[in-house]
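Student: I have a protein model to read. Can you take me through it step by step?

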Amino acid sequence: MAGKTTKKSPFDCAAFYTITSKLSGKAVTACGESEVRMFAPTVEDRQQWKLVAADTGAYRLISKTTGKALDIMLAGENDGAQLHQWKEDISAPTQSWVLEQTQDGSYKIKSAVSGKCMDIVDISMQDDARLQIWEDLDGENQKWMLKLSPRRNLRENHARPKKKRQPKQRQ
């Protein structure tokens with residue numbers, strides 16, 4: 001169509017990302033079937049999230065471990081509404097997040113419904129901290145780094161046999 005432009009996503013929607021707090025360096029972690037907490041980064045699948053295009057300019061954040069989406073409890077829109085994982089296939093508005101890049105290269109992850117930021121409860125820097133939404137205060141506890149998770153080589157456990165060297169012929 002003439003005149004129609006599409007904005008390409010800056011993210012690889014086929015890949016997984018680790019989402020870490022700029023403040024604490026802790027990673028958003030899927031815990032069990034529904035909880036989401038902050039823990040020191042590892043290479044575990046429970047800290048890997050896929051960004052799936054949702055509404056215009058928004059994404060759903062899907063856990064690699066559970067296949068569930070990052071969601072706001074009880075469809076909350078008020079400060080302090082906590083985050084959890086919920087069924088991916090319902091595509092609820094509370095599962096849509098806008099990733100707004102800041103000048104320092106980090107992102108504010110904002111609810112597409114309320115515009116409130118993903119935030120760490122009590123600005124905690126401890127393992128097991130909970131997540132919530134809160135008005136945008138431009139705090140470090142509301143800034144997130146998204147790092148592309150390394151792709152695992154499917155052949156990493158199947159080492160190739162080394163070729164035997166042929167002895168050099170003397171002339």
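Student: How many contacts beyond four places in sequence does the model have for residues 153-164?
Tutor: This is a predicted model, in which local features need pLDDT of at least 70, side-chain atom pairs count only at pLDDT 80 or more, and totals for chains, interfaces and linings use all residues. Residues are numbered from 1 along each chain as its sequence is written, and side-chain values use heavy atoms, with hydrogens and water left out. Over residues 153-164, pLDDT (the predictor's confidence in each residue, from 0 to 100) stays under 50. Contacts (heavy atoms within 4.5 Å) beyond four places in sequence number just one.

Student: And how many such contacts beyond four places in sequence do residues 1-6 have?
Tutor: Here too pLDDT stays under 50. Where pLDDT is low, the predicted coordinates should not be read in detail. For residues 1-6, the count of contacts beyond four places in sequence is zero.

Student: What is the mean pLDDT of the protein chain?
Tutor: Look at the whole chain now. A pLDDT of 70 or more is reached by 82% of its residues. The mean is 86.

Student: How many strands does the protein chain have?
Tutor: Helices (H or I, at least four residues) and strands (E, at least two) are DSSP runs, numbered from the N terminus. The chain has zero helices. From the N terminus on, each element is written β. The number of strands is twelve.

Student: Which residues have the most contacts inside the largest nonpolar core?
Tutor: A nonpolar core is a set of buried Ala, Val, Leu, Ile, Met, Phe, Trp, Tyr and Cys residues joined through side-chain atoms within 4.5 Å. The largest one has 26 residues. Strand 11 (residues 129-134) gives the most to this core, with three residues. Those with the most contacts inside the core are W144 and L146.

Student: Is C117 buried or exposed?
Tutor: Buried means under 20% relative accessible area, exposed over 50%, and partly exposed in between (1.4 Å probe, protein chains only). C13 is partly exposed, because its relative accessible area is 29%. C117 has 0% relative accessibility, so it counts as buried.

Student: How many disulfides does the structure hold?
Tutor: A disulfide is a covalent bond between the sulfur atoms of two cysteines. The test used here is a pair of cysteine sulfur atoms within 2.5 Å. The structure's count is zero.

Student: Which residue's side chain makes a polar contact with the side chain of K26?
Tutor: K26 lies in the loop between strand 1 (16-21) and strand 2 (27-31). At 16% relative accessibility, K26 is buried. A polar contact is a pair of N or O atoms within 3.5 Å; within protein, one must be able to donate a hydrogen and the other to accept it, and residues adjacent in sequence count only if both atoms are side-chain atoms. At 3.0 Å, the partner of K26 is D127.

Student: What is the phi of D128 near?
Tutor: D128 sits in the loop between strand 10 (117-120) and strand 11. At 38% relative accessibility, D128 is partly exposed. Its phi is positive, in a residue other than glycine, and near 80°.

Student: Where is D138 found?
Tutor: D138 also has a positive phi, about 60°, although it is not a glycine. It is partly exposed, at 44% relative accessibility. Its place is the loop between strand 11 and strand 12 (144-148).
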